[in-house]
Amino acid sequence: MFSEFYFYMAAYIENIDKTKDFHVANDIYPTIYRIDRITELKVLEEHFKIPYKDRFEEGEYRKRIQFMFGGKLQRTKFWYKGMSVEAVLDRLPTAKILAEEDGKYLISAETFGSGIEMWLRGQGDYVEIVKP
């Protein structure tokens with residue numbers, strides 16, 4: 001996948017203790033690796049098939065991930081009081097406007113991990129985080 005000026009590989013990891021090595025031990029979503037940071041690679045002869053109904057849906061995943069920060073799926077809620085609420089809705093495809101009060105918008109979005117918090121903090125005084 002290509003995002004934020006870098007290429008990434010989405011992969012499922014086997015044969016590790018996820019409870020020890022991951023923030024979300026029962027994560028059903030792939031782990032994201034930035035291609036230019038991979039230092040060693042071994043190609044195996046092993047092949048596998050995934051039924052079409054169980055395939056990884058990149059488009060749905062991309063709607064919910066910010067800056068390729070993985071993590072558990074969560075609902076984020078915040079007030080936006082900037083000039084263009086449309087820019088926020090473009091950046092967060094799962095975002096919905098829940099309310100409007102005096103030019104401020106209460107927005108809810110479904111996202112993975114902490115990348116959304118980094119983006120929201122980068123908006124400065126235009127955003128007030130409600131949840132998480």
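**A pocket, two cores and a few rings**

The residues that line the largest pocket divide into 14 nonpolar, 1 polar and 4 charged, and I would like to begin there, keeping in mind that what we are looking at is a predicted model. In all, 19 residues line this pocket, and those lying nearest its centre are Ala11, Tyr12, Ile13, Leu44 and Phe48. If you ask which element gives the largest share of the lining, it is strand E2, residues 6-11, with 3 residues. The volume of the largest pocket comes to about 790 Å³. As for how such a space is found, rolling a probe the size of a water molecule over the atoms shows where empty space is left.

Let me now step back to the whole chain. The protein has 132 residues, of which 30% count as buried, and it contains 4 helices and 7 strands. Read from the N terminus on, the order of the elements is β-β-α-β-α-β-α-β-β-α-β, which you can follow along the structure above.

Next, the interior. In soluble globular proteins, nonpolar side chains tend to be buried together. Here the largest nonpolar core has 13 residues, and the ones that touch the most other members are Phe78, Tyr80, Val88, Leu92, Ile107, Trp119 and Leu120. Two or more residues of this core are given by each of strand E4 (73-80), helix H3 (85-91), strand E6 (104-112) and helix H4 (115-121). There is also a second core, separate from that one, with 6 residues, among them Met1, Ile32, Tyr61 and Ile65.

What about a single residue, serine 3: is serine 3 buried or exposed? Its relative accessibility is 12%, and because buried means under 20%, serine 3 counts as buried. Serine 3 has its place in strand E1, residues 2-3. In sequence, serine 3 and arginine 62 are 59 residues apart, while in space the separation is 9.1 Å, taken from C-alpha to C-alpha.

Finally, I come to the aromatic rings, and to the charges that sit over them. The structure holds 1 aromatic pair. In addition, arginine 55 lies over the face of tyrosine 52, at a distance of 3.9 Å from the ring centre. A further case is lysine 104, whose charged end sits over the ring of tryptophan 79, and here the distance to the ring centre is 5.0 Å.

How values were computed:
Residues numbered from 1 in each chain as written. Predicted model: local features only at pLDDT ≥ 70, side-chain atom pairs only at ≥ 80, totals over all residues. Heavy atoms only, no water. Phe/Tyr/Trp six-rings, centres within 6.5 Å; stacked < 30°, edge-to-face > 60°. Lys NZ or Arg CZ within 6 Å of the ring centre and 35° of its normal. 1 Å grid on protein atoms, 1.4 Å probe; cavity = no way out; pocket = protein on both sides within 12 Å on 5 of 7 lines; lining within 4 Å. Points joined across faces, edges and corners; volume = space filled by probe spheres on them. Nonpolar A, V, L, I, M, F, W, Y, C, P; charged D, E, K, R; others polar. Core = buried A, V, L, I, M, F, W, Y, C linked by side-chain atoms within 4.5 Å. Buried < 20%, exposed > 50% of the residue type's maximum accessible area, 1.4 Å probe, protein only.
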